[in-house]
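Okay, thanks for having me, everyone. I'll put the structure up, and then we can walk through a few spots together.

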Amino acid sequence: MSERIYEEAWDYTMKVLRDLYKSQNKEDEFKLWFNMNYVEDTIDTITVSVASSFLQQTMQKKGNFDIVLKKLKEITGQEDIKLNCIVVKEELSESKKSENSAAEKPSKKSAESETSSTDSNAAETKKTNFKKHQLLQEEYTFDTFIPGDNSNFAYNASVAVAKKPGKEYNPILLYGGSGLGKTHLMQAIGNYIYNNGGEKLKICYVSAESFTNEFTISIKEGKTNAFKNKYRNLDVLLLDDIHFLQGKESTQEELFYTFNALHEKKAQMVFTCDRPIKEIKNMAARLVSRLANGLCIDLQPPSYETRVAILQKKIDLMGKTLSQDIVEYIAKNIETNVRDLEAALNKVFGYADLVEKKPDLEITKHLLKDVMDSGSTESISIDVIQKVIADNYQISVADLKGKKRDKKFVVPRQIAIYIARELTEMAYTDIGNEFGGKDHSTIMSAYNKIAEQIKIDSSLESRIQLFIREIKEYKK
């Protein structure tokens with residue numbers, strides 16, 4: 001039962017943060033991204049509410065819950081206190097909000113219950129019958145994938161593999177650009193097998209990067225036998241983004257022997273890659289041969305009709321509605337991939353949640369103006385990224401690639417690495433080669449540092465977005 005023992009501390013915490021943001025001329029940002037209401041508390045947990053899932057996810061991504069919790073701990077002196085956030089659609093008038101807590105709590109609980117019920121109704125039947133595999137995302141199923149001219153072959157082959165694992169096509173390699181559905185189909189295969197009599201099968205989904213890291217650790221710790229036993233005794237191996245393995249000779253060798261062991265026992269293998277396997281540089285010929293002898297299928301960007309169908313399916317799954325003219329506008333103007341289509345939808349619905357106003361076509365055009373004007377990132381090179389960042393920080397490209405540890409060089413170097421990872425399909429190792437031959441761990445560390453700083457420094461995020469726009473508009 002809540003005793004509201006932390007309510008005063010909560011109010012004071014929010015006041016301190018509001019004053020801090022106001023002093024930095026960021027009051028509007030505070031009002032938007034710290035828009036949470038105190039609900040109740042226990043001895044070690046404070047529960048707050050936000051108005052939508054979009055707000056909750058964005059505030060989590062920005063690290064705002066962590067900022068509040070840190071300040072709360074400072075003010076209360078309670079290091080064990082936790083923050084719990086629920087989504088509650090507030091529809092109470094201002095006068096009702098000021099009623100006593102005894103009358104207020106049932107209303108909040110009712111609102112919370114109603115929201116939870118609404119959100120879960122659409123998926124209730126699915127959740128009743130669907131069995132969740134710990135390594136797979138439950139939304140990645142064949143039912144949620146929209147096949148079109150660009151992906152019919154890949155879709156039908158994946159279904160065939162899922163129905164008869166290890167028999168129809170083995171191995172199968174799906175390749176194509178980012179956001180076209182490779183990972184979706186791969187995990188759909190795993191989910192189908194697991195949910196159709198495969199609960200006792202050893203099914204493993206892993207990215208090539210994680211596979212490499214796990215193998216490296218096993219060597220360092222003298223546990224290579226355990227690693228081999230894990231992967232060579234699988235019934236289904238789903239290995240994502242194998243282009244990451246280029247140049248990694250030891251990992252390639254291990255995968256080669258793993259492949260042979262699994263193929264001999266007729267275990268199903270599914271791989272994904274961002275390009276045809278024979279175009280990957282520094283890949284062992286015998287491994288390329290093994291993979292190329294399977295069924296290799298490319299996925300292309302979806303056609304206009306397919307994009308419309310994808311948008312309509314996404315809207316249905318979200319339990320929302322959107323006018324047909326908006327759907328057609330998005331489909332006509334975003335031709336790249338499914339991920340970009342979904343991002344546009346989230347932006348439109350995010351606006352609707354925030355202002356509680358149904359978007360029309362003009363509003364949608366304004367909201368997506370940056371997306372429409374940004375252009376494709378396919379032609380963006382590391383050279384352009386380095387040139388733009390170096391110019392902005394008034395240093396040379398050589399300094400950006402170099403090893404100088406002065407802050408005036410380290411910060412722009414980290415930002416350039418972060419943007420390179422965000423705007424290109426290049427792996428950490430490849431980016432490292434473009435930055436003076438730096439190793440994989442150095443590049444990853446630089447990327448993660450900027451990613452973490454963005455969560456607590458909105459000005460850095462804004463600056464990076466300006467750099468990205470300049471990079472996309474750069475003319476040689």
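Let's begin with Gln-268. Keep in mind that this is a predicted model. So, is Gln-268 buried or exposed? It's buried: its relative accessible area is 1%, and the cut-off for buried is under 20%. As for where we are, Gln-268 lies in strand β7, which covers residues 268–273.

What does Gln-268 have around it? Setting aside neighbours within four places in sequence, its contacts include Val-161, Lys-164, Pro-165, Gly-166 and Lys-167. Asp-235, Val-236 and Leu-237 are also among them. Gly-166 deserves a second look, since the side chain of Gln-268 reaches its backbone nitrogen at 2.6 Å.

Now let's go to another pair of strands. Strand β4, residues 172–176, pairs with β8 in the parallel sense, over 5 bridges. If you want one pair to click on, Gly-176 has Leu-299 in β8 as its bridge partner. Strand β8 itself runs over residues 295–299. In general, side chains in a regular strand alternate between the two faces of the sheet. Look at β8 with that in mind: Leu-295, Ile-297 and Leu-299 make up the covered face, while Cys-296 and Asp-298 are on the uncovered one.

Next, the sheet at lower residue numbers. Here we have an open sheet of 3 strands, in the order β1-β2-β3, with mixed pairing. Which strands sit at the edges? Those are β1 (37–41) and β3 (82–87), each pairing on one side only. From one strand to the next, the twist averages 30 degrees.

Helix α1, residues 7–23, packs on this sheet and touches β1, β2 and β3. The direction of α1 makes about 155 degrees with that of β1. There's also helix α4, residues 64–76, lying across β2 and β3 and running at about 140 degrees to β3.

Zooming in on the strands, β1 and β2 (residues 45–50) run antiparallel and are joined by 4 bridges. Asp-41 stands opposite Ile-46 in β2.

Last stop: Asn-84, over in strand β3. Asn-84 is partly exposed, with a relative accessible area of 33%. Not counting residues up to four places away in sequence, Asn-84 touches Thr-45, Ile-46, Thr-47 and Val-48. With Thr-47 there's a polar contact between the side chains, at 3.5 Å. And how far apart are the C-alpha atoms of Asn-84 and Asp-41? They're separated by 9.2 Å, with the two residues 43 apart along the chain.

That's my tour, thanks for listening!

Technical notes:
Residues are numbered from 1 along each chain as its sequence is written. This is a predicted model: local features need pLDDT of at least 70, side-chain atom pairs count only at pLDDT 80 or more; totals for chains, interfaces and linings use all residues. Side-chain values use heavy atoms; hydrogens and water are left out. Two strands pair if DSSP finds at least two bridges between them. Helices (H or I, at least four residues) and strands (E, at least two) are DSSP runs, numbered from the N terminus. Axes are lines fitted to C-alpha atoms, for helices over the stretch in contact, and angles run from 0 to 180 degrees between N-to-C directions. Contact means heavy atoms within 4.5 Å. Buried means under 20% relative accessible area, exposed over 50%, partly exposed in between (1.4 Å probe, protein chains only). A polar contact is a pair of N or O atoms within 3.5 Å; within protein, one must be able to donate a hydrogen and the other to accept it, and residues adjacent in sequence count only if both atoms are side-chain atoms.
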